[in-house]
Amino acid sequence: RPLVRKPGIESAFAAVGSIVEHLLDDQRGVRNLYESRLFLERSLVREAALRARKQDIDDLRAALDANEDAIADSEAFYRTDIAFHGVLYRIPRNPIFPAVHSAYTSWLAPHWERMPRSPERNAMNHGSHAQILARIVDRDADGAELALQRHLDAAWEYVRVTLVQDASS
């Protein structure tokens with residue numbers, strides 16, 4: 001017999017996935033999603049700098065170490081990049097944030113996968129992650145937010161250039 005379940009957060013995001021994918025058909029749609037991610041992640045790093053527990057810091061360090069170990073392997077680096085940001089979404093202990101991170105990751109993945117990757121670019125991103133973590137460890141909310149802003153601004157520029165090149169092909 002049928003079993004009725006209350007929809008969870010993940011299923012809600014999955015339901016809007018096709019709508020978001022339609023909105024991402026152009027550069028402005030991707031930019032809008034990226035801006036919403038920046039808005040949320042700036043708050044998350046501020047929260048982490050102010051309230052992260054020892055285990056949260058340990059989790060960020062472990063994610064950063066894995067990120068560093070993967071610099072030479074771009075596919076592995078991509079996974080560890082997602083994992084590092086994923087820790088930030090878990091720190092507030094609100095189940096909505098990890099679901100949002102999962103949604104962002106799935107919605108943006110087709111665009112990220114088209115971008116050329118290199119160990120040099122990976123090393124630059126790892127350095128940005130290290131700066132974010134250093135500011136969180138220092139309990140410097142403004143510095144953590146600034147480090148995150150710089151990191152995602154650089155990432156957006158790389159995405160923007162890739163999208164413009166794709167559009168002109």
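**Helices, core and cavities of the predicted model**

His151 makes a convenient entry point to this structure: with a relative accessibility of 3%, His151 counts as buried. The model is a predicted one, and the description below works outward from this residue to the fold, the nonpolar core and the internal cavities. His151 sits in helix α7, which spans residues 141–168. Leaving out residues up to four places away in sequence, the side of the chain that His151 touches includes His85, Asn125, Ser128, His129 and Ile132.

The overall architecture is easily stated. The protein has 7 helices and 0 strands, giving the pattern α-α-α-α-α-α-α along the sequence. Of its 169 residues, 42% count as buried. Among contacts with a separation of 6 or more, 79% link residues 24 or more positions apart. The accessible surface amounts to about 9600 Å², and carbon and sulfur atoms account for 55% of that area.

A second histidine offers a useful companion to the first. His126 belongs to helix α6. Is His126 buried or exposed? Its relative accessible area is 13%, which is under the 20% limit, so His126 is buried. Beyond residues up to four places away in sequence, His126 touches Leu64, Asn67, Glu68, Ile71 and Phe77.

Attention can now turn to the nonpolar interior. The largest nonpolar core has 39 residues, and the members that touch the most other members are Tyr34, Leu60, Leu88 and Ile136. At least two residues of this core come from each of α2 (27–51), α3 (54–69), α4 (74–90), α5 (96–113), α6 (119–137) and α7. Helix α2 gives the most, with 9 residues. Ile136 shows what such a position looks like in detail: apart from neighbours within four places in sequence, Ile136 is in contact with Val45, Ala48, Ala49, Ala52, Ile57, Leu60, Leu88 and Ala144. Two of these partners, Leu60 and Leu88, are themselves named among the core members that touch the most others.

The interior also contains enclosed space. How many cavities of 30 Å³ or more does the structure hold? There are 3 of them, and the largest has a volume of about 300 Å³. This largest cavity is lined by 20 residues, of which Tyr78, Asp81, Trp112, Met115 and Asn125 are the closest to its centre. Helices α2, α4, α6 and α7 each give two or more residues to its lining, and the largest share, 6 residues, comes from α4. By class, the lining of the largest cavity comprises 11 nonpolar, 5 polar and 4 charged residues. Asn125, one of the residues closest to the centre of this cavity, is also one of the residues that His151 touches.

The second largest cavity has a volume of about 50 Å³. Its lining is made up of Arg37, Glu41, Asp81, Ile82, His85, His101, Tyr104, Thr105 and Trp112. Two or more of these residues come from each of α2, α4 and α5, with α5 giving the most, at 4 residues. The classes divide into 3 nonpolar, 3 polar and 3 charged residues. Asp81 and Trp112 appear in the linings of both the largest cavity and the second largest cavity. His85, another residue lining the second largest cavity, returns the account to its starting point, as His85 is one of the residues touched by His151.

Methods
Residues numbered from 1 in each chain as written. Predicted model: local features only at pLDDT ≥ 70, side-chain atom pairs only at ≥ 80, totals over all residues. Heavy atoms only, no water. Buried < 20%, exposed > 50% of the residue type's maximum accessible area, 1.4 Å probe, protein only. Contact = heavy atoms within 4.5 Å. Areas by Shrake-Rupley, 256 points an atom, 1.4 Å probe, with all protein chains shown as cover. Core = buried A, V, L, I, M, F, W, Y, C linked by side-chain atoms within 4.5 Å. 1 Å grid on protein atoms, 1.4 Å probe; cavity = no way out; pocket = protein on both sides within 12 Å on 5 of 7 lines; lining within 4 Å. Points joined across faces, edges and corners; volume = space filled by probe spheres on them. Nonpolar A, V, L, I, M, F, W, Y, C, P; charged D, E, K, R; others polar.
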